[in-house]
Structure formats: C-alpha cells, structure tokens
Amino acid sequence: MNDLPLLTATKLSRSFFFNRGLFNSKQRIVKAVDDVTFALGRSETLALVGESGSGKSTTGRLALGMMKPTSGVVRYESQDLSKLHGTAWRRSRRNMQMIFQDSSSALDPRMTVGAQIEEVISVHGLADKKHSSRDLMMDALDRVGLGGADLRYPRELSGGQRQRIAIARALAMQAKLIVCDEPVSALDVSVQAQIVNLLVEMQEKFGLSYLFISHDLRVVRHISHRVAVMYLGRIVEMARTFEIFENPLHPYTRALLAAVPAIDSRNRHSSRTPLIEGELPDPASPPSGCRFQTRCPLVHDICRQVEPALADAGGDHTVACHMTGLSENGGSQ
Amino acid sequence: MNVRFLIARTLRALLTLILVVTFVFVMLRLAGDPIKMLLPEETPANVIEQYRARWGLDAPIYVQYVSYISSVLRGDFGTSFRDGRPALEVVTERIPATATLGFAGLIVALLVGLPAGIAAAMKRNSAIDRAVISFAVLGHSIPTFFFGILLILLFSMSLRWLPSSGSATWAHLLMPACTIGLWNAATIARFTRASMLDVLSKPFMRTAVANGLPLSWRILGYALPNAAIPIVTIIGLIVGQLLSGAVIVETVFAWPGIGRLTVTAVAAREVAVVQTIVFLAALTMVAANLLVDLLYGWLDPRIGSSTEGKSR
Amino acid sequence: MSTIKTTTFVVGQVLREIAVPLRVVGSVPEKALLRLDALSVRLPSRHGEVHAVRHVSLSVNAGECLGVVGESGCGKSTVCSAILSLLPDNARIDGRILFGGKDLRTISSKGISGIRGREIAMVFQDPMNSLNPVRRVGAQIADKIMVHKGLSRGAALAEAARFLDLVKVPAARERLNDYPHQLSGGLCQRIMIGMALSCEPKLLIADEPTTALDVTIQAQILSLLGELRRELGMAIILVSHDLGVIAQTSDRIAVMYAGEVVEEARTEVLLKDPKHPYTQGLIEASPGIEPTVGPLVTIPGSVVSLLGAPSGCAFAPRCRRANDKCGRMPPHLEPTSMGAMVACHFPNGWTQ
C-alpha cells in the first residue's frame, strides 16, 4: 500500500433540514454525518457498517463529491474535491465511481449495455488509435465475465449480471475508487458470492480502492481490509477487519456482531437473546453524551453526560467509548 | 386536522378569487371601450362623456380597478341594464334551479359511477369490466347535447313518458339530471376503476385477506378509503364545473337556471350579468377545490403531517 | 425432540413405509398439523405457464418451527400463498393441503375465511406496506379480532393492546392510535406479528419477516418469534433466503430449488452433513463471520427456467457431480441414514 492515501475525509459533517410546517419557522435538523474522519489507501477496502440511519450512505456520497459537506474536507490524491475545476474535476469524476444496490436504476433501459459503456468511454475521451471505444468496451465486459453481452438490454439481464455491468462501466472509465453502496444486498447468496469474488479479483488486478457500504457484516468480513462502524452519524469504532471481528471494543460493534445470523457455530446458540434492545433514536434529537447510551448494556453515568471521543486502542484501532478505559482524557469535543 | 393547514388553504383560495376578479377586469378593459359597446354608435360625444363620468370611466385605470374591487367586495356587480335590477340579484335567483339540477346530476353520477368502477376493478378482465370500460368511453364520446336530445326523442316524443322542458315537477328533473349524471358517471367509473386496481394490488390488501376479513369489509374499510384520493379529486372537479357545465344541458331542456341565463346574457351583451356568472363559476371551483384539499387531510393522515425534505 | 419424532413426519409416499416401524418404536404417534401432499402450482405468465411449485410434500407438527430456504424464484413464497389460498384465481393448483384433517383446497370460501387469520396467520416481508396506511393500527387489529371472535370494537381494542404488549411494543395502548407511517419498520413488524397472534393461531407462516429490517432489529424479531413459539405452543413456518436466519430459528429445514424440495432434515443434520449438492453449495456460499481464506465458494450457472417440465434433475446443469442419469431421470425425495430426505441420485457423492 502506498503511504499517501488515495482519499481522505477530514471532519466531514452533513446536515439535512426539514420544514416542520408552513408557518413553523423552526426546522428539524438531522445531522446525518457528524465529524467523520477517515482515510482510504490504494488497493484498500474500507467498509462502512451500521444500521439504516447511521449515515453510512451519506458518507459515501460525500466522499464521492456527489453531495457537498456542510463542513469538512474530502481530499482525493491530496486535492480538495470542492476546489477542483475543469479537467482536474472531470478526471477525478471519472476515477471515482459508484455502484448501487439496484443497478437497473443507474442503467438506461432503452440502450444496450455495450452502447452505454461505449458512450462513457467516448464522453471521457478514453479511446485512442490503438484502442477504439468498442475494443475498450469489449475488454471491460470480458473482465467481468460478460463478454458477448454487449447487445443485451438491461432488462434482459439478471440482478447479478447488471451488477457486473456496473462494475464493467467503472472499469472502462479507469476508476481508481469505487463507492459500493450495498452492492450485493439484493442478490441471492450464490450470486452474491460471485460478485464479492469479482470485486476482490478486480481489486487485485487493477489496484482499485473500495469504500464498501453494507449492513451485512458477513460480506464485509470477506471483502474489507478495514471496517468503520457508524452509529447516528458518527464513527464509533474503526480497525482492521480481523481486529473488529475478533476483538471488538465498542458495545455497539459487539451487538452488531452478535446479531449476525450466521450458520457457523459461533452465533448459533449464543445469540438467542439479542444484545441490544430498542431501536435507533430519532436522529434529529440524538441522546446527550454518548449517542449509544440509550441502548447500551454497559451504560454508566458519564456516558449520559460526556460524549466519548475516538481514542487510540493501539494497532490502528480506534474506539469511542468511555467503558474501554481508553478515553479518560477524551472528554467532550 | 391542522389549523395552519386550513388557514393556508383558505388564504390560497381567496388569492385565487382575487386573481379571477382581476382577470375579468383586465379582459373587459382589453375588449374595448365599454361605453362604445353599450351605447349606440350614433350617440353624441357629450352624452358619451356624461356616461363616462357617471360610471367613473374617466378616472385613471388604477382608480377604476380599486373602485371595481371594492364594489365587488360589497357584493355590487353592477346592474343589469335590461331590467335595471342588480346583476347579483338576477344571477342568485337562478341558483336554486341550477343547484337542484347539479346535485341531482351528481347523485346519479356517484350512484352509477362508483359501483361500476369498483365492480370493474374487482372483476378485472371480466365481462363486467369490459362493459364498464365501454360505458366510460361511450359516455365521454357522446356530447351532452346529443345525448339530451336522444333522451327527449325517446322519452318525450316516442314514449311520451316525460316532459321535454321546464322545471315544474320532479319528472322534469329526471332527464336533465341523467344527462349530466351519466356523462360524469363515465369519468368517475374510469377513475374509480384505475384507483381501485392500484389499491387492490397493494400488500396491505393481501394482509386483509390473510386476516380473514370478509369481502365487503375489505372493500369498504380498506380498499375504498385508500382509493378515495383520486376519486375525490375528480368529484371535486365535477362539482366545480357544475355551473359552467350546465349551459348546454339547461339550454337543451329549457331549464331555468344559470346556464340558460348565461346564454341569454351573452346574447344580449349583459356585461354585468356575465361578469357575475364568471365570478360565481370561479367561486364554485375554488370552493370545491378547497373542500377537496380539506378532505385529503381527513382521508389520508400522511397528508398535512408530512415534512418536505430540503437540503442545504 | 428426538430424531424419531422428525422421521415420523409423513412426507410423501416413500417415507410412509419407512416411518411405520419407527412409529412403533416412538411412544406417541405424531399427527402433522399441516401436511402438503404433492402440492403443485402453475401460474400463467406472458411467456407460458410457470410451474412455480412442483410436487412439494412437507409437514409441520404442532409447536414445531419448519424453516424453508431457497433463492428467489424457488417457489417458497408461492407455497405459503397456496396454503392460505392467496394465489390469483388463474393459478392451477394440484395436490392436497391438509390442515387438521381438512383439505384446504376443497373447503368453501367461507370455510377458508374462517381459517385465515384465525387458525393460520401470516406475516409478510414488507411490514410498512403490509399495514393499511389510512387506518389506525389498533383499528386494524381490532377488525380482525371482531371478525373472528365476535367482540365489540371496544373489547377488540383492549384485546389488541394485550397482544401488542405480548410482542413487546412499548406503550402499547398509545400505539393503537398511531398510523403505520408514524412507526418504524421494526415496530410495524412487531405489530404485524401481534396482529397475526391476536386470534391465537395454531400455525404462523412468516414469509421473509426480517428481510426488510436492520440486523439488530432482525435479531430482536427472531428472538421474539422463538419466545412466542415456546409460550403459545404454536407452529411456525419460517421462509427466508438467508440460511443464517433459518439456521438460528428452525428445528427442521427444507431446502427448495426450482419449485421442488431437494433436501429436508433436522437443522443440525442439514448443516453438518448436507447431502444435496445444492444444499452444500448454499452452505458454502453463505459467508459466515468466521475468518476464511481465498474466494467464497459459488454455485456456477443460474436457475433453470420454470416454464415446462425438466427432463431430469433441475439442478443437474449446475451440479458438479451430475452425469447423464441426472439429465434423464428426475430424482425423488428419499430418506437417508440420518433421518433426512434428499432428492439426488448421488447423495453420497461419487461412491454410488
């Protein structure tokens, strides 16, 4: 891995405003992402995990520059995304792609998939004398195992095949970073495994970096190098994948792991009673102190008053919890 | 129901009315000098000036506008020059006749349109469904004046069961009400069918079946309330148009309502009366829409309580 | 629960013969609460008739949880809909659906209405859309109670509150007045379950009940279902595409592929010693949270078309151990030594 990260996000925040009513001037403010900092290396996969409403998808959009942050900076190859213009901006757009849960919404139903990929190749001027846009398109389809499918329409393809097309299109644009937002959640297990394998293979071949957004920890375990666990807009724990799964420090991470319905023996009998009760609180009025305190089995007085800061637990492992004994100096921010 | 929602909708309705009144004012001024339209061409110039001064037409246009608005607010729409009575009085005395006809027509439309639409949706692709669709298409492609004349030919001329014109008894009401009613029933049936088909395919209808609820309960308690919004919208439009739609039917059946008054007033260039009718037609439409808006909030708890997302 | 009990479920003609001697050994002969006997469902489509369910024979005992697992299009949801006659009128259904001795296919529409919701209740995948959006949730539960128990609306509402308490809906009495859009997906699913239980059914069919929910909420709902089953002694058919969900909750698992049951066994047996190559593939392809090395195992190819009848085993085109026999002859469910049932010509690999 190169020392210089491909992408860094520093103190990213993003708020959404909702009107309460016609004459009510008070707005409902939801801090979907609140003070999130992370870095993504080359050829690395960072997974963002958490429940719906944790802000993981918004973080993905902010990282891509698809959405402007309320505050904070995203740097791609050391350049501030919000300050890029013209060619540099176009190049960064091309290098940063996104794959969605449902690729059919990102594909034109009236165009063959081959034509759609050729189109992006010519829009970005990627063809040259040696490689026509058609050659490049055929190459990209071959790589995802769909050689010869160029004349098919999106509706003629299965969900897994459409996901391959989305990957092929990103490859054709010579993407370096792909934000994958729940890319395999809608697929059957056997197909899901195929797409996960394909993503890993493409990463090894082309040195791609993935920001992998998923609620499924089982898939995350197999694809990611590092994992960031998000809760109500904040990262509460971040570590290498092995660390997260074998040595989870945050009670929320432990609860997520315990909730995974796995067929292997570990979770089968232990998790008959879930570790956490209740549901995600209203993001417009997050709890005081630690955001997880309303559902935390270890909650203490300090948790209700002081928000824990991310503290170093050694070995690239950070966690925001008072009960780990690491954040005595953390205090509120 | 949200009080703010109610106030907002009412204010919006008032604004619409003011715009309509302004529009009428502008159109009348654009149509040419009202004096020249009313007085004979050979009127001497000094007499014209006299009339101009008497009707305030010599003042600047904005003064005319303000005095026009203020008189409208006072309910003064000018006088009918044919019999010298206030235009408002001439028009309002016709309201009962038109309202009776419109209400009867609406009842017919609902009694025919709603069950037909529901039955068609329940038995999709069956003979009933096809019959309802044909009725909807036919009902809309036959103009009301033609259908009215057909009814007169059949029931008055051939069978001699019903009187062909006038408004003396309930028998007089039957044919014009059916003419309006069946025309509108076609629309209601079509919208009801489409809306019901949409609702019947929803997961909560399957839940209702799986819960063992009887058919009538499912239709009346579950499907119809959910299908109601488009149906209520279309009924609102129908009610709003009752006044202007009455013109043809009232003429065909010589029904002494506002529709017929419109025709005679236009022919006689009764500006004040026409103006009053336009205002009243607009008022009906605005009131019907307001009512529909309020009904929405009552029919669907999600309306009015929803917040619209805005991002910055 | 013993293996003997499982084996006594009468599943099709073949098992019946083998089951008889075992029944003598076991003390009390078990009678199945629900038994599907060679159930077939054909649904018309634009491209022809889809044979969505093919000769499915299954049974559920009182108080038992049967898990049905399979990928999309395997017919698992169609089986559920067929049990309660929720399929469209133009569906062609063959076979028998025996519930408490009665064939649900032959009883009158009035009879089936009395069973729907009262004897057999159902919970669906999409809780937010499975509740009527313009009716208060309390009224919706009360509707059902009034129909089946003949209570007044007031008494039915009180009963509704009792069942919402049972499914651990916080502040149940106040929730009765809420509309579905005011509640979260997890709460809606609890309410759906409360509604399903409100007439004390003997069998609960849960069709992908947690698929639309977050993993933490999923764990809560699954544990709730387990508790309720123990408390109320009702049987559950749990349908899911997620083998992990099924493995955690079921006593017995039926694996479906292309409209057929290809393997059926007690949960531990199925997970430890799967006989059908599709079950093996499904287990291997399901990522666990244990660390693994190398790529995930996949099942090559894709599901066969359900139009028309297959000439041999439906899984043969994707099977690593298929030979020409598999292409010619469809295998039938047959018992294995472990008391499981498998539809494969070579359940022990190449050795046969």
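Which residue of β10(A) stands opposite A:Y231? A:R234 does. The model is predicted: local features need pLDDT of at least 70, side-chain atom pairs count only at pLDDT 80 or more, and totals for chains, interfaces and linings use all residues. Residues are numbered from 1 along each chain as its sequence is written, with chains lettered from A and ligands numbered from 1 in the order in which they are written.

**Chain A sheet**
- Eight strands (DSSP runs of E, at least two residues, numbered from the N terminus) build an open, mixed sheet in the order β6-β7-β8-β3-β9-β10-β12-β11.
- Its edge strands, β6 (96-99) and β11 (311-312), each pair on one side only; pairing takes at least two DSSP bridges between two strands.
- Antiparallel strands β9 (226-231) and β10 (234-240) of chain A are joined by six bridges.
- Helix α5 (159-172) of chain A lies across β6 and β7 (177-181), at about 175° to β6(A). Helices are DSSP runs of H or I, at least four residues. Angles run from 0 to 180 degrees between N-to-C directions, with axes fitted to C-alpha atoms, for helices over the stretch in contact.

**Chain C against chain A**
- Contact (C-beta atoms, placed from the backbone, within 7 Å) links 38 residues of chain C with 37 of chain A.
- On the chain C side, α9 (215-232), α10 (243-249) and α12 (277-285) each give two or more residues.
- The largest share, eight residues, comes from α9(C).

**Domains of chain B**
- The assignment, automatic or from a database, gives domain 1 (3-91) and domain 2 (95-256).
- Their C-alpha centres lie 38 Å apart.

Technical notes
Contact = placed C-beta atoms within 7 Å.
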